[in-house]
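Reader: Please take a close look at the aromatic rings in this model and at the packing around them. I would like geometry and burial rather than a general tour.

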Amino acid sequence: MPLTSNDPAAEARLVQRAVSGDADAFARLYDSYADRVFRFVAIRVSDARLAEDVTAQAFLKAWENLDRYEWRDVPFGAWLFRIARNLVIDHYRTRKEQASLDEVVEQPAPAPDVDAQIDMGRMIAQLHAAMHTLTDDQRQVLVMKFMDGLTTEEIARHMGKQPGAIRALQMRGLQALAGVIDKPDD
Amino acid sequence: MIDLDTALDDCLTRLANGTATVDDCLRLYPEHAAELRRMLAAASTLERGRAVRPSDSFKADARARLVAHMKANPRRRAQPAAAFGWALRFGLAALAVAIASVSAAQAALPGNPLYSLKLVTESVWRMAQPNPLAADLALADRRAAELAQTPPGSPAVQLALQGYERALAQLARYTSPADRATIMNVLAAQKEILSRVDVVVPALEQWIGVTPPATSVAPTPVVTSVPTLPAVVLPTVSGQPTVTVPVLTALPIVATRTLVPPVIVTALPTALPGNPLPTPP
């Protein structure tokens, strides 16, 4: 049965077992987070295959670095997303993109020509393009809220922020997104 | 008036729960209706993203690779509490062994495996003493007591004698009349003790100016029938650990063959209460 973010105590127990070396526990965490990590990455790289590679790498890296994880500092999901985000940045660094690091994070990747004929790739690209004007925090809040289905309180816990700050990020993100959608040329 | 971000969050929650429609929300917050309509429309666009998910084949394949990687690279993180517990237990055990060894060494006589440890702890103690003469006299007392306790005829007698002679040689460094007077008093007491167990040490005789007759000077000490010594615990002096030393005053006098004139004996200075000399460890 997949773990849900509504049961942080159960997740904490699984993480504790994984930290102690329990591979089965970590595999269950993978089952719980694989979709969300993939979505988190896909919105940033606009390439389904690359998103799959980065997602797989994120879990391997998490397993190898579990010693450094402390539950009291940050929720496991947030720690996992941070690893995924760093891998995305590393990917673009390796490719020696001319764009600055901020642009990599904040701007859309090159046109989604690789997966243009694949529905999933097209959808990822459209979402990616729609969200490129958002800050990383706004994008993370909107992805968690509308794609992962988390509540405001759960997002606040994951991001280490107050619910009021999440509501503000959500509002500004949706305002920016509405501005993009309203433009007829876009 | 409710803030726009709060109104938006409330509307999104109601829509997610199915307890309200978009129109219901706009009626609920008429002051924000225009802005809410645009944002709720953007939110509905985003919800299409829920369809963004990895393929089942990728998930299964990545999971299999992850499990294989975990089996090939198992994590063996030591439990900090357990590791600390073991380290603590080991450390305490080692400390207990060290304390027991040092304590046992204080009663060791020449020839005993712990005797070297006794000498090492004495050297450390000696370096920490503010009064070198008092320390050297206390150590000379110890050597004298060891010589008196060493069973006659055993190979350890020679070792004990050499140790005592080294202690006497240390005293030669003190040349002032006051120091010499102090030394002579202590050595006289030691001579008496050794005489009670029929031990003659030529170097000691020379120190105190009693030169035995030529015919009675033996090349090595003559030791006969040293009785087993009772022991008492002395009070700690200046932070030093309590030491067990023999009380020579309780000894019966057993003189069987003596080459020097007998001398009246009292006791080792360090063995007496109120002794001004420091007590070695």
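Author: In this predicted model, A:Phe76 is a suitable starting point: its relative accessible area is 0%, so the residue counts as buried. Its ring partner A:Tyr69 has a relative accessible area of 4% and is therefore buried as well, the cut-off being under 20%.

A pair of aromatic rings is described by the distance of the centres and the angle of the planes. Over all chains, a search of the whole structure gives 9 aromatic pairs. One of them joins A:Tyr33 and A:Phe81, edge-to-face, at 6.4 Å centre to centre with 80 degrees between the planes. This pair links distant parts of chain A, since A:Tyr33 belongs to helix H2 (residues 23-45) and A:Phe81 to helix H4 (residues 76-94), 48 residues apart. Both A:Tyr33 and A:Phe81 are buried. For A:Tyr69 and A:Phe76, the ring centres are 5.7 Å apart and the planes stand at 85 degrees; because that angle is over 60, this pair is edge-to-face.

Ring pairs connect these four residues with A:Phe40 and A:Trp79 in a cluster. A:Phe40 also has a charged neighbour: A:Arg44 lies over the face of its ring, 3.7 Å from the ring centre.

As for the packing, the largest nonpolar core contains 81 residues, and A:Phe76 is among those with the most contacts inside it, along with A:Phe26 and A:Leu174. H2(A) supplies the largest share of this core, 14 residues. A second core, separate from that one, has 23 residues, including B:Ala144, B:Val186, B:Val199 and B:Trp207.

Key. Residues are numbered from 1 along each chain as its sequence is written. Chains are lettered from A and ligands numbered from 1 in the order in which they are written. This is a predicted model: local features need pLDDT of at least 70, side-chain atom pairs count only at pLDDT 80 or more; totals for chains, interfaces and linings use all residues. Side-chain values use heavy atoms; hydrogens and water are left out. Rings of Phe, Tyr and Trp (its six-membered ring) pair if their centres lie within 6.5 Å; planes under 30 degrees apart count as stacked, over 60 as edge-to-face and the rest as tilted. Helices (H or I, at least four residues) and strands (E, at least two) are DSSP runs, numbered from the N terminus. Buried means under 20% relative accessible area, exposed over 50%, partly exposed in between (1.4 Å probe, protein chains only). A charge sits over a ring if NZ of Lys or CZ of Arg is within 6 Å of the ring centre and within 35 degrees of the ring normal. A nonpolar core is a set of buried Ala, Val, Leu, Ile, Met, Phe, Trp, Tyr and Cys residues joined through side-chain atoms within 4.5 Å.
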